[in-house]
Each structure stands twice: as structure tokens, then as C-alpha cells.
Amino acid sequence: ISNLGDQSAMAHLRPYLQRHPLDYSASIQLVFRMSRLGLLSRKATASADGIPKRLMFFWDETNRPPSIDRLIRSWPAANPDYAVEIFDDVTAKAWLEQEFGARHARAFARAQNAAMKSDFFRLCYLFRSGGIYADCDDRCRAPLDDWLEGRDAVLYQENHLSFAVANNFMACAPAQPWLGHAIEHALLALE
């Protein structure tokens, strides 16, 4: 698919995703192809302020291993003017209930493991609040401001996968249409 043009890739991805709705990589690839072709509305893409200076982390349990806490602390250490929010299963579900309602909270609860919960929650959080999501086991090695300034979203492509977007680091302004589409695909898969 990575060698195909956008139109051809979309023609293959749409029926594939109907058969395999849990394939998040293919879902994100479809949304990016649609965006490049101008098929997604850009009306509500970003606030005037761009990507909020807010770091968000998810660890399913309240008690995190000390090694994880050290890695989490590397992010505000390199970015001292950023707010930090850390969610667990309980606080993430409550946040989803408050911000999105029962459907999203139920979908989160139905996720089969911590990774799926984190995947779904980060999409919802970033769509509603914007900011930066990083996996708890990733270390921040440099300040983020230069990467984020003047941008609505910062993502990166996995090197070992064909056109897959990595989700261990995602940064964006609130209300990105491509995130809304990804959330809808995830909801359908979790219901």
C-alpha cells in the first residue's frame, strides 16, 4: 500500500477496514491519505494557540514502578513550563465519562488490555484537550518547543513498518478531524 498513490491506497484501505476494524495502523493511514487529498474538513483543526503545553501520560495502575516514574519525570524536567497530567484506569474512565459521555467510557472499559485502553484514551484526550501524549516508558531527551512551535500536529512514521504512524508520541492542537475519525473507528471496534 505504501507504494500506491493516495486514491489507489484508499480504494484498498476502505474495504480492508470494514473487514478488520481493529487495525489502527490502517485506519490512521486512511485518514492521512484522505487529509492529503483535502477530503477532511480543516474548519476545526486547531486553536489559535496551536499545540497546548500539556504533557499527558497513561499508566493503567495507580502505583507505577519507580523506573517508570523516573522516565515520566524526564518530560517536565526538559519542559518545565508544561502542565503534566497522569491518568490511570479509574481517572481515565471518569475523564471520558465527563468529557464524552457513557459511550466512550463503556468502550474504554471494554478494551481487552492496558495497551488498548491507552490507545483509545490518548485519541480521546488529544481530540478534546490537545497537548502531548508520550508513553510512560519513553524518555524525553530534549525540550519540545522547537518541534511544536507553529504546528497543529506532530507525529512520526515508524521506520520498520510501511507508512504506520507511531503512537508512543503524539502532539496536536485540540479538535483535529483525523483524530475524530480515528476515535470513531476505535469506538466501532470496541463496541
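1. A good place to start is the pair H5 and H8, which pack with their axes 9 Å apart at an angle of about 60° (axes are lines fitted to C-alpha atoms, for helices over the stretch in contact, and angles run from 0 to 180 degrees between N-to-C directions). The two helices are therefore oblique to each other (neither under 35, over 145, nor 65 to 115 degrees). Helices here (H or I, at least four residues) and strands (E, at least two) are DSSP runs, numbered from the N terminus.

2. A word on the model: it is predicted, with local features needing pLDDT of at least 70 and side-chain atom pairs 80 or more, while totals for chains, interfaces and linings use all residues. Numbering runs from 1 along each chain as its sequence is written, and side-chain values use heavy atoms, without hydrogens and water.

3. At this contact (heavy atoms within 4.5 Å), Arg 103, His 104, Ala 107 and Arg 110 of H5 meet Ile 183, Glu 184, Leu 187, Leu 188 and Leu 190 of H8.

4. Do look at the inner side of H5 (residues 102-110): His 104, Ala 105, Ala 107 and Phe 108 are buried (under 20% relative accessible area, 1.4 Å probe, protein chains only). These buried residues fall within an arc of 160° seen down the axis, so they line one face of H5 (the arc is that of the directions from the helix axis to the C-beta atoms). Their cover includes S1, H4, H6 (114-129) and H8 (177-190).

5. Turning to the sheet, 5 strands form an open, mixed one in the order S2-S1-S3-S5-S4 (two strands pair if DSSP finds at least two bridges between them). S2 (83-87) and S4 (153-154) are the edges, each with a single partner strand, so one side of each lacks a neighbour in the sheet.

Note on methods. Buried < 20%, exposed > 50% of the residue type's maximum accessible area, 1.4 Å probe, protein only.
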